[in-house]
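The following paragraphs consider the enclosed spaces inside a protein model and the residues that surround them.

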Amino acid sequence: MNAKIAILPGDGIGPEIVAQAVKVLDALRREGLKIETETAPIGGAGYDAAGDPLPEATLRLAEAADAVLLGAVGGPQYDTLPRELRPERGLLRIRKELNLFANLRPALLYPELAAASTLKPEVVAGLDLMIVRELTGDVYFGAPRGIETRAGERVGVNTMLYSEGEIRRVARVAFDIAMKRGRRLCSVDKANVLECSELWRTVVTEVARDYPQVELTHMYVDNAAMQLVRAPKQFDVILTGNLFGDILSDEAAMLSGSIGMLPSASLDAHGKGLYEPIHGSAPDIAGQDKANPLATVLSLAMMFRYSLDDAETAGRIEAAVRKVIAAGYRTGDIYSPGCRLVSCSAMGDAVVAAL
Ligand code: NAD
């Protein structure tokens, strides 16, 4: 493998947390892994450097890379900029330019952190599920849309729309992931009342024929929302559309209770991906070496598994994170009495030592 990774630290705690993932990469490189990295600004940092939250050079670098590792973007100093110059716009644009249509959000809870969840420890301890959300279609993008006047009163209109091609490509991503995990896939829809969901269910069932080793089930979204808090450990991989996935992935994130622990990935049709923690740039703790870097380190592990096809290295990074958690290392956001409070950089060093 001779992989090229674009590193986009971004704003706020972004540079601090990405630096810890880079420490892990450097350690792997010292062992002989062939990885090239190049760093570029995005978000507010892109605006400061080049007057654009997604500078042309940053986009070119991301396009040429095998995968992109991103920290976070945004900060109060940019909130008064015109909308198209705001940091978040850089993130939306890079996702669009790279054609990232499949969003992967694991919800994983180490037994030692079960107390951080608002749910009973026995319900969530050991939780390990993956939500695959379609990211570029559905009611957010369908036409017609708008607010118009009909029969003398205003009506709001949006259109839930999926083509079979859009459903098929994200279903393939989800089945491929299920093959790399527990081989169980639950497709979530509302096929009892929505034609769009009816097609979704039909196409997902067709794709399943190519994956005989994966057990496919279907669930209505209202039931899925309930099952996620009743018995979340029943799930391995959940596949769903943009709207339902938007809501269910936040619900699943809260099961684990610690935003600083959750990675994510957005993939294109060729396995290229953008990897980032689910949290934002945390301006309230930026520059204080306090942030939890583990969501970013776990995003790097996902990159090895899903874009670089190196499950062994992914597994080693994840095992190192498990080890530091089991050894009691905690940043402030996941600290509980009796544990060892460490800084962002000390947590990065501990992961490298555990590797
Ligand atoms: P946030 O996720 O940045 O912070 C929410 C809370 O969680 C804060 O108290 C913060 O200190 C804490 N937190 C977040 N990540 C942490 C970590 N790794 N370790 C320890 N604590 C952590 O959300 P917000 O405050 O709503 O937004 C702040 C800025 O981030 C805004 O400009 C927003 O637009 C931006 N944002 C960016 C992204 C992204 O880059 N993908 C996502 C969400 C928000």
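In this predicted model, the largest cavity has a volume of about 70 Å³. Altogether, the structure holds 2 cavities of 30 Å³ or more.

The wall of the largest cavity is formed by D138, M160, Y162, V188, D189, C196, S197, W200, G241 and F244. In terms of secondary structure, β8 (184-189) and α7 (195-208) each provide at least two of these lining residues. The greatest contribution is that of α7, which supplies 3 residues to the lining of the largest cavity. By chemical character, the lining of the largest cavity comprises 6 nonpolar, 2 polar and 2 charged residues. Two aspartates, D138 and D189, are among the residues in this lining, as are the aromatic residues Y162, W200 and F244.

Attention may now turn to the other enclosed space. The second largest cavity has a volume of about 40 Å³. Its lining consists of R105, P106, A107, I131, S249, A252, A253, L262 and I278. Here the elements that each supply at least two lining residues are β4 (102-108) and α9 (242-256). The lining of the second largest cavity divides into 7 nonpolar residues, 1 polar residue and 1 charged residue. Among the residues that line the second largest cavity are the alanines A107, A252 and A253, together with R105 and S249.

In outline, then, β8 and α7 each give at least two residues to the lining of the largest cavity, while β4 and α9 each do so for the second largest cavity.

How values were computed
Residues are numbered from 1 along each chain as its sequence is written. This is a predicted model: local features need pLDDT of at least 70, side-chain atom pairs count only at pLDDT 80 or more; totals for chains, interfaces and linings use all residues. Side-chain values use heavy atoms; hydrogens and water are left out. On a 1 Å grid over the protein atoms alone, a cavity is a set of points where a 1.4 Å probe fits but cannot get out, and a pocket is an open set with protein on both sides within 12 Å along at least five of seven lines; lining residues have an atom within 4 Å of a point. Grid points are joined across faces, edges and corners, and a volume is the space filled by probe spheres set on the points. Helices (H or I, at least four residues) and strands (E, at least two) are DSSP runs, numbered from the N terminus. Ala, Val, Leu, Ile, Met, Phe, Trp, Tyr, Cys and Pro count as nonpolar, Asp, Glu, Lys and Arg as charged, and the others, Gly among them, as polar.
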